[in-house]
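Got the viewer open? Let's take a walk through this one, selection by selection.

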Amino acid sequence: MLHSVRSLRGMVTAPHHLASQAGLKVLQDGGTAIEAAVAVAAALAVVYPHMTGIGGDGFWLIAEPDGSTRAIHGCGGAAAAADLSLYAGMDAVPTRGPLAANTVAGTISAWAEALKGSTLPLGRLLRPAIHHAEGGVAVTRGGAEIVASKGAELRDLPGDWAKTYDGMGEGDILRQPALGATLRHLAEEGLDSFYGGALADDIARDLAALGSPVTGADLAAHRAETPQPLHVALDGITLYNSAPPTQGAASLLILALAERLGRFAPESFGHVHALIEATKQAFLYRDAEVGDPAYMARSPQALLDDAAALDAMAARVDRAKALPWPQPSQMGDTCWFATADGDGRMVSCIQSTYFEFGSGLVLPRTGITWQNRGSSFRLAERGWNALKPGRKPFHTLNPALARFADGRVIAYGTMGGEGQPQTQAAIFSRYAWGGVPLQEAVTRPRWLLGKTWGAESVTLKLEDRFEPALYDQLRAAGHDVELLAPFTSTMGHAGAIVRHPGGMLEGATDPRSDGQVTAW
């Protein structure tokens, strides 16, 4: 897959073709990129339930036609009852089960915030998702593999995971009637009903019955937030990403440091080594400082604005040798997608339940799979990401946008935990600095330092499609190289849309996914 899709009136890229089609039809019905994005997000919650869902969190970046860029964070905080006493005798928050489901789900609140001023009925936006939930959807190979590999740790959990998902294979028809009914309720009663009213009562009753500390009061207290996106200015380009508690600062730092290390031919040793070493510096900063902004000592925007500080960080990189690794890694899986309309509006969005199927709790009354994002909290009195009621957990999620001085705007991103900033850097540097066509920039082989979803090793993993000499050069520089299959989902499911100055849209999807670019 090497050729970009082009059109003029609208475009969607998503990691599942049915979600892309849902968004395109909204555009064709006169919807905006924002309305199309909600349709995509809802559809993904149904057709990719192992990767995302309405029981998780979501982050948005929106490029408006007037040149402004804004952000929406649908990020839930820890429950009021989620304190250290709840986990007495434990070394860590469990990654599965009731005590892993310890934060409010913020995805729906982000949809509500994004749709302020919307003209299309909510029922129209949710219609494809409702259809796929009630009528059924064919299980993908990736979904079947996740069910098979994770069944042992999920099937005995309380709730309806086993009843809904266990044993499903590729090509089987998955029906989720309870989730479909929940989506219908949202369409009829409004998105705020997720946090107050009869639906919220059903959610709270199920969570309590299953042993989660999240209560109806926690749901009612939740609000989406609209912080300023982080940004950094490079030569002729301004990059945007999500503010804390996401790792968006790391994604921006990698490219800001890499530019200072010099531009190299794509896939050369200089190119790959520089981005990997910039990643290490960015992750060292991230893991020391980034989390809930209410508990951070300084704003990452101040660092991104400080050219001398960035120069100093870049100077720590050895252009010939690898910094010893690993450092602590972050896992997680997600769905990233983008939309663009004919008026010049673009959306870069990502939503997730953290691990595959989140906490593993599928709520019987509503069919919602609840996230386990709060399992990343540390059981400590203080310090980085320490568990406290109301605190927002650190997020790997981070959608990206960039504006070029020549008028181009690009929305890009990927799923994949630690791999998100690295894949963003690979795609952006190939396209923006190396002149690689957009689809080819996504398709070309990728690398990953550390963990991503489904992987425990912290080696430098590369797809086995680079020139063989590169592997020898990286090993000689001290990198712990591990070769993976040529097109592996370990490298994430990426995509991008570029809006050119004349209004032409250009889109790319990832051959590693079940995705599609749909265009009008």
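**Starting at a proline**

P245 is your first selection, sitting in the loop between β8 (237–241) and α10. Keep in mind as you click that this is a predicted model. Show the backbone here: the peptide bond from P244 to P245 is cis, and its omega is near 20 degrees.

**Along α10**

Now select residues 248–261, which make up helix α10. Is the helix length what you'd expect from 1.5 Å a residue? The 14 residues should span 20 Å, and the end C-alpha atoms are 20 Å apart, so the two agree. Switch on a surface for the rest of the protein: 13 of the 14 residues of α10 are buried, so the helix is largely enclosed by the rest of the structure.

Step just past the helix to G262, where phi turns positive at about 105 degrees. Carry on to E267, in the loop between α10 and α11. E267 isn't a glycine, yet its phi is positive too, about 75 degrees. At 16% relative accessibility, E267 counts as buried, because the cut-off is 20%.

**Into α11**

Next up is α11, residues 269–289. Its 21 residues should span 30 Å at 1.5 Å a residue, and the end C-alpha atoms are indeed 30 Å apart. This helix is also largely enclosed by the rest of the structure, since 18 of its 21 residues are buried.

Pick D287 while you're in α11. Buried or exposed? D287 is buried, with a relative accessible area of 19%, a value that makes the grade because buried means under 20%. If you want a distance to draw, go from the C-alpha of D287 to that of G374: they're 87 residues apart along the chain and separated by 16 Å.

**The largest cavity**

Time for some empty space. The structure holds 3 cavities of 30 Å³ or more, and the largest has a volume of about 90 Å³. To frame it, select A258, G262, R263, F264, P266, G270, H271, A274, L275, S429, W433 and G434, which line it. Which helix gives the largest share of that lining? It's α11, with 4 residues. Both α11 and α14 (419–433) supply at least two residues each. Color the lining by type and you'll get 6 nonpolar, 5 polar and 1 charged.

Zoom in on S429, in helix α14 and one of the lining residues. S429 is buried, at 3% relative accessibility. Its side chain makes a polar contact of 2.9 Å with the side chain of H271, and also reaches the backbone oxygen of A426 at 3.2 Å. Leaving out residues up to four places away in sequence, S429 touches H271, L275 and G434.

**Two more stops**

Jump to Y354, in strand β10 (residues 346–354). Here's another positive phi outside glycine, near 75 degrees. Y354 counts as buried, at 6% relative accessibility.

Finish at N102, in the loop between β4 (69–74) and α3 (107–114). N102 is buried, with a relative accessible area of 0%. What does its side chain pair with? Draw the line to the side chain of Y87: that polar contact is 3.0 Å. Then expand the selection to what N102 is in contact with beyond four places in sequence, including G77, A78, A79, P213, V214, S375 and F377. G374, which you used for the D287 distance, is among the contacts of N102 as well.

Conventions
Residues are numbered from 1 along each chain as its sequence is written. This is a predicted model: local features need pLDDT of at least 70, side-chain atom pairs count only at pLDDT 80 or more; totals for chains, interfaces and linings use all residues. Side-chain values use heavy atoms; hydrogens and water are left out. Buried means under 20% relative accessible area, exposed over 50%, partly exposed in between (1.4 Å probe, protein chains only). A polar contact is a pair of N or O atoms within 3.5 Å; within protein, one must be able to donate a hydrogen and the other to accept it, and residues adjacent in sequence count only if both atoms are side-chain atoms. Contact means heavy atoms within 4.5 Å. On a 1 Å grid over the protein atoms alone, a cavity is a set of points where a 1.4 Å probe fits but cannot get out, and a pocket is an open set with protein on both sides within 12 Å along at least five of seven lines; lining residues have an atom within 4 Å of a point. Grid points are joined across faces, edges and corners, and a volume is the space filled by probe spheres set on the points. Ala, Val, Leu, Ile, Met, Phe, Trp, Tyr, Cys and Pro count as nonpolar, Asp, Glu, Lys and Arg as charged, and the others, Gly among them, as polar. The expected span of a helix is 1.5 Å times one less than its number of residues.
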